[in-house]
Amino acid sequence: MTKQTKPLFIRNASQLVTMEGGSEAPLVGKQMEQIQVIENGSVWLEDGVIRSVGSDEELVEAYRDRLGEADIIDASGKLVTPGLVDPHTHLVHAGTRENEFNMRLQGATYMEIMNNGGGIHATTTATRKADHQQLFSESKKRLDLFLLHGVTTVEAKSGYGLTLEAEIKQLEVAKQLHEQHPVDIVSTFMGAHAVPREYKENPDRFVDIVIDEMIPEVARRRLAEFNDVFCERGVFTPEQSKRILEAGMKHGLLPKIHADEIEPYEGAELAAEIGAVSADHLLRASDNGIRMMAEKGVIAVLLPGTAFFLMAESANGRKMIDAGVPVAISTDCNPGSSPTVSLPLIMNLGCLKMGMTPAEVLAAATINAAHAIKRADRIGSIEPGKQADITIFDVPNYMVLQYRYGVNHVHTVVKGGVKVVDGGRLA
Ligand code: IZC
Ligand code: ZN
């Protein structure tokens, strides 16, 4: 990244949405709707950090003597938001599965395809085969596209290696991307993404390997902060999932869980019981599970693109917000059930398919998403002291961003105080 030495002064946004007030704890209930909007808003960035936020008048007054020093971005007529945060992706993988898409269009189901050796197994074969460089370049292309869609931080899971060596290869690619690409990556170990075919007859042996060999080594190498498991009938049982997540916690890996995606399986309940940071998917979560998540403050990371692409009914985001569950949303970017990088489109689906409002989906894709990856102290809102990650959309207000759906409205992205997307193109 080129170094920005001069201050950057973003001026006169028709709306500047700050997400102020959500850094200590995720926004819940009505707070998600009551987001702070500044009209004619401006923000002063310096040394990679947000220094001051307010109306253009206030900032011009405050920086009167220094206006000449700064590079100016004219945001008039535009919407300025915190850089978007995607808290659930399978970014690092090789290959594509359009053949399965075609099969599903003709009636095959996701689980049938997986049980016949496709699905996650197909991507595992491709990812095992790919060397570091190939994985890096395929994943980097996706990360460029994330950035072009206004996303400045992504969580990325392993889980297409399913051997210690191949899991580490994926996590090392994620680490290199984090170091070399403007988008920040937060890594999650997901050795328990599927029982590899070699262990089909003895899944508990594979669970032991995840617990005894993979988790300790991944933690020792500091390659991940979170530990995730695909808790689903036919994949990992709630008992196996619990063992795996508790083993991770012993090694300092915070628990996340793919819960109740295809069938109700008491994944939400398990997330609450063990105090997971987030439970993700939740299409088929029970009312009791939702209530327990609200009580424990487990974040629901909702993935309406996956429901859309699997032609299933979305999670009930409305019900979860009304029940007091903190809600975040994400692309679930992966080659099987959600091959997209467009978090703005996911926000559109949040409105159209989950009963969320434009304000709520914006909170879900910024400050609450930051909480889901334990980064809310640094990102997710436009407040003094936070990292200067900002997205500027060429729409006059945040409702239009949801209303004119399916279009990439990103005009400018600033990452760590540096302009990295300009006029909708990589700078
Ligand atoms: O590759 O199919 N659901 N994991 C759990 C996925 C979808 C990713 C995939
Ligand atoms: Zn996933």
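## The largest pocket

Let's start with the lining of the largest pocket: α6 gives the largest share, five residues. Keep in mind that you're looking at a predicted model. Helix α6 covers residues 164-180, and together with strand β10 (184-192) it makes up the pair of elements named here, each supplying at least two lining residues.

In total, 18 residues line this pocket. If you want to find its centre in the structure, look for His178, Ile185, Val186, Glu225 and Arg375, which lie nearest to it. The pocket's volume is about 310 Å³. What kinds of residues form the lining? Sorted by class, there are seven nonpolar, seven charged and four polar ones.

## The zinc site

Now for the metal. Three histidines and an aspartate hold the zinc ion (ligand 2): His88, His90 and His258 each use their NE2 atom, while Asp332 uses OD, all at 2.0 to 2.6 Å. Along the chain, these donors are spaced as H-x1-H-x167-H-x73-D. Take His90 and Asp332, a pair that links distant parts of the chain, 242 residues apart. His90 sits in the loop between β8 (84-86) and α2 (98-105), and Asp332 in the loop between β15 (327-329) and α13 (343-354).

Are these two residues buried or exposed? His90 has a relative accessible area of 2%, so it counts as buried. Asp332 is buried too, at 1%.

## The geometry around the zinc

Ideal angles for four tetrahedral donors are 109.5 degrees. Around the zinc ion (ligand 2), the angles among the four donor atoms run from 75 to 159°, and the site is irregular. Tetrahedral would need all angles between 85 and 135 degrees, so this site doesn't qualify.

Technical notes
Residues are numbered from 1 along each chain as its sequence is written. Chains are lettered from A and ligands numbered from 1 in the order in which they are written. This is a predicted model: local features need pLDDT of at least 70, side-chain atom pairs count only at pLDDT 80 or more; totals for chains, interfaces and linings use all residues. Side-chain values use heavy atoms; hydrogens and water are left out. On a 1 Å grid over the protein atoms alone, a cavity is a set of points where a 1.4 Å probe fits but cannot get out, and a pocket is an open set with protein on both sides within 12 Å along at least five of seven lines; lining residues have an atom within 4 Å of a point. Grid points are joined across faces, edges and corners, and a volume is the space filled by probe spheres set on the points. Helices (H or I, at least four residues) and strands (E, at least two) are DSSP runs, numbered from the N terminus. Ala, Val, Leu, Ile, Met, Phe, Trp, Tyr, Cys and Pro count as nonpolar, Asp, Glu, Lys and Arg as charged, and the others, Gly among them, as polar. Donors are N, O and S atoms within 2.8 Å of the metal (3.2 Å for Na, K and Ca); water is not among the atoms, so sites may look incomplete. Four donors count as tetrahedral if all angles lie between 85 and 135 degrees; four count as square planar and six as octahedral if opposite donors are over 155 degrees apart and all others between 65 and 115; anything else is irregular. Buried means under 20% relative accessible area, exposed over 50%, partly exposed in between (1.4 Å probe, protein chains only).
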